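Work through these exercises with the model open. Try each task before reading its solution.

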Amino acid sequence: MNALISTALSGVVLMFVGLFVRNKQHIKFYAIAAILIAFIANLAQYPAVEHGGYIMYGMIEVTKFGVLFNAVALGAALLYFLLSGSEFEKVGEHVADYFALVFFILSGIMLAASFSNLLMLFLAIEIMSIPQYILAGADKKSLKSNEASLKYFLMGSFSTGILLMGITLIYGAAGTFEISGLGLGAESVHPLALCGIILMVFALSFKVSAVPFHFWTPDVYDGSPTVFTSFMSTVVKAGGFIAFLRMFHTSFAGGNISEHWTLILSIITAVTLILGNFSAVFQQSVKRMLAYSSIAQAGFMLFAVVAMNNMGAQGIILYSAAYSIATIGVFAVLMKLKDYTFEGFNGLAKKEPLLAAAVAVFLFSLAGIPVTAGFFAKYFVLSAAIQHGHILWLVIIAVLCAAISVYYYFRVIIAMYFKQGEPEVEPVSGGFKAALILAVLLVLALGLFPNLLLCWM
Amino acid sequence: MLTVLLILIPFIAGLIAFGLKGSGPKVLGMISSLATVVIAIGTWCTFRTTPDSLNFVANWIPQLGSQFRVGLDGMGVMLCLLTAIASLLVFITIYNRNYEKANAFYGLMLLSQAGLTGVFTAFDALQFYIFWELALIPVYFLCSFWGGEKRIAVTFKFFVYTFLGSLLMLVGIIYIYFQTPDHSFSFASFTGANLNPEDQKWLFWLFFVAFAIKMPVFPFHTWQPDTYEQSPTPVTMILSGVMVKMGLFGVIRWLLPVIPQGAAMWSDVAIVLCIIGIVYASCIAMVQNDLKRLIAYSSIAHIGLMCAAIFANNEQSLQGVLVQMFNHGINIIGLWIIVEVIQNRLGVKNLDQMGGMAQKAPRMAIFLVIISLANIGLPLTNGFIGEFLMFSGLFQYNHWFMAFAGLGIILSAVYTLGMIQKVIFGQGNELTETTTDLQPGETLALSLVVIMVLVLGVYPKPMLDLVSGTSEVVSKLF
């Protein structure tokens, strides 16, 4: 709750800051300070919910899980500001507005982690989405950026419409918006509610770019200014997953709808994994490769939603952290390069050993190699699926896909370390390097001791 | 504590080596590997008196039921000793070479040693998996950076192959974890897991594929000749001398005790695969013109025999395998040292460009003959006792299997002797005219190998005693 209020307020304040503060560096510091405050305010709430959450007016439920997720999202956003905050000014004039929009997205995410009412879910999704449409088109002079924005807006509003339709149908069947009282877990579910569930699954799959609702992803991620792609494909995506998980984890409690549910979602997961990974293999641009890899990684996160157990919930937290840190890190380095193709990375290890080593660690993490956070993230979601018991075939597909993912992640490593070249790199500041080292240490720390994060569950 | 030191010393030395310059990494590598050899011998002595003191447990991830749990049994002591000796031999051999970016080269070599030791000492399944992967990463960088022309593609194939295998194993590990009574990854809980025969039937393959890729067993072997050929020879020594033993070790330590019924169900299939591999690899080795590939294929044949003998699963065959794991490691490293010398002098690895080297490099020729004969398994060399026990065990299991596997011995004599002939005898050419004999470092390394070949060939009892405990326990499983 604290986090929700502080991020929303920070957003408003930052918009006005833009009017009075002309120095862009200062704006960045205000934003970093604001997010630190939100982070601390969020943690301050932890003791109050440690032994059970509370519901506010039937709309918002503050839980330990939600607070923990908020901490991960805010932490990742902090890292994002530290690493890429100075890139904001390269996009356009209205730096303060961009920061404000990011804060609004964050408040949407905080809401997604704690809604207890379908209306709040709808609000959360909208608050998350609308600033993204603007950010995608922030580079007003670029045709690609405009295309991305328009595409995202059209597709996004369409899927929001579907979400709303789903909510209406469920309301028609259950007579309430409160997700704990929807009765979706009962022996037999009303046909209306079933339709509603399916529509909601489709709409949420769109938000997390699961196949076959992913068509917007590569174009939008590729067309948007890179600095915003980095945020949209990580923290925001994790927010989509938390909404997904919260919605169905709560409303299905104790029921046995599982069979149909498992089947539909398993199929979505399987095609997401296969398509995401295979498409990423054929990309020539690292930015586009990361877009497809984000689809592939979404496939892994979907495991948690399929399995619907405690292990899966832990997995989502860890996965969000691991995936966000690593992807934000790779993007941060990518933005320092002139050439976004794989060849652009040739010889980076010789020229900038620190950047190359950091990218290597991040890519190891994305590929799920032990002693990085990505390994335990994959470990938890796979465990969740194995514990579920009936989807071993999906697990096997997943590990085959994980082996494929090594191909495109390692292409970058091969380019950096084993190929000759003279990459054009912008000079990097000491602060950037320090933030990068911090991110690497985080990845390694979570890879060695995942309980640093999970002991709060 | 000794066990932890075995992992820690090369790990820390490896990290330090990255920061050193000049001949610093060389010296550090030598000191670290000497220290690990001494400690490994120390663990052997401790094992004979108070084996329990070799175990070490520390909390790691309590929520998951995973602990940092290392320990050593006879097999572990032997393999740690092999790992330490192997890296010492490698460092002695290459002491006079100058590698580009020597600090990274030595650092990665030491890290891979730490990873390998970790695999051989792990008594917690999750930790085993993590070390299993970690041993691979430094080797990947070593091969891709310092290897031959086609190194990048070849090493990549190797990496993806083994990574896929390990992921399958990870699925197996997680599945078994949920079946353990106390939800723990410890070795004891794993062996006590409630696995019904139906589960064991498919779980076997998840583990076996991972181990078979590493060994490698036919038809999972295709990465191996390419990788051995393209890797820098010091890395090939570690790969073929120690790393392939990870696969055999995995079967003996984890697969047989945890999934005994699965192993019993599929042992015939596994043995047939191994035997196909033996005959197939031997035939290819006979027609190889590339020295490195020839030894690579001979290694597939030898490993195939060891794997077959594991699945024959009687005490004799297992004891043979265990002893042979050590001896094969020593012999093949000896062979690679000679290959390294030849490549260093001639710059080529095709057999038809060699010949007549006995006149120019008599010491090398003598070493080559002795080590090759040991590799065939001639009596009074260290290769004999292991092969004898394995064949005898295989014979008790099934005559026909033994007969076909026996073909491997005959064929190995054919190609090994052919190789000796082409390399050191016959007419010399312009290239071999210029050869010089061994340098002191190389002589020292090869002498150490030959001493071990002869000592263990004449008096194998200490080694047999060391591993008898392991083979006795494992052979009673099914």
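**Exercise 1: a core residue**

Task: list what Phe376(A) touches, leaving aside its neighbours within four places in sequence. Note that this is a predicted model.

Solution. Start in chain A: the contacts of Phe376(A) there are Leu318(A), Leu446(A), Gly447(A) and Pro450(A). Then cross to chain B: Phe376(A) also meets Trp60(B), Ile61(B), Leu64(B), Leu126(B) and Ile130(B). Now place the residue in its core. Phe376(A) belongs to the largest nonpolar core, of 376 residues. It is listed there with Leu106(A), Phe248(A) and Tyr379(A) as having the most contacts inside that core. Another core, of nine residues, lies apart; Tyr133(A), Tyr152(A), Trp216(A) and Tyr221(A) are among them.

**Exercise 2: a bent helix**

Task: find where helix 21 of chain B kinks, and what its buried residues pack against.

Solution. Check the span. Helix 21 of chain B runs over residues 461–475 and reaches 20 Å, close to the expected 21 Å. Next, locate the kink: about 45°, centred on Val467(B). Val467(B) is itself buried, as are Met463(B), Leu464(B) and Leu466(B), among others in this helix. Finally, trace the packing. The partners of the buried residues are helices 2, 3, 11, 14, 17 and 20 of chain B.

**Exercise 3: two domains**

Task: describe how domain 1 and domain 2 of chain B meet.

Solution. Set the bounds: domain 1 spans 1–258 and domain 2 spans 287–478. Their centres, over C-alpha atoms, are 22 Å apart. Count the contacts: 45 residues of domain 1 face 46 of domain 2. Then take the area. The two domains bury about 4,000 Å² between them, with 76% of it on carbon and sulfur atoms.

Key. Residues are numbered from 1 along each chain as its sequence is written. Chains are lettered from A and ligands numbered from 1 in the order in which they are written. This is a predicted model: local features need pLDDT of at least 70, side-chain atom pairs count only at pLDDT 80 or more; totals for chains, interfaces and linings use all residues. Side-chain values use heavy atoms; hydrogens and water are left out. A nonpolar core is a set of buried Ala, Val, Leu, Ile, Met, Phe, Trp, Tyr and Cys residues joined through side-chain atoms within 4.5 Å. Buried means under 20% relative accessible area, exposed over 50%, partly exposed in between (1.4 Å probe, protein chains only). Contact means heavy atoms within 4.5 Å. Helices (H or I, at least four residues) and strands (E, at least two) are DSSP runs, numbered from the N terminus. The expected span of a helix is 1.5 Å times one less than its number of residues. The bend at a residue is the angle between axes fitted to the seven residues ending there and the seven starting there. Domain bounds come from an automatic or database domain assignment. Buried area is the accessible area (1.4 Å probe) that two parts lose on being put together, summed over both.
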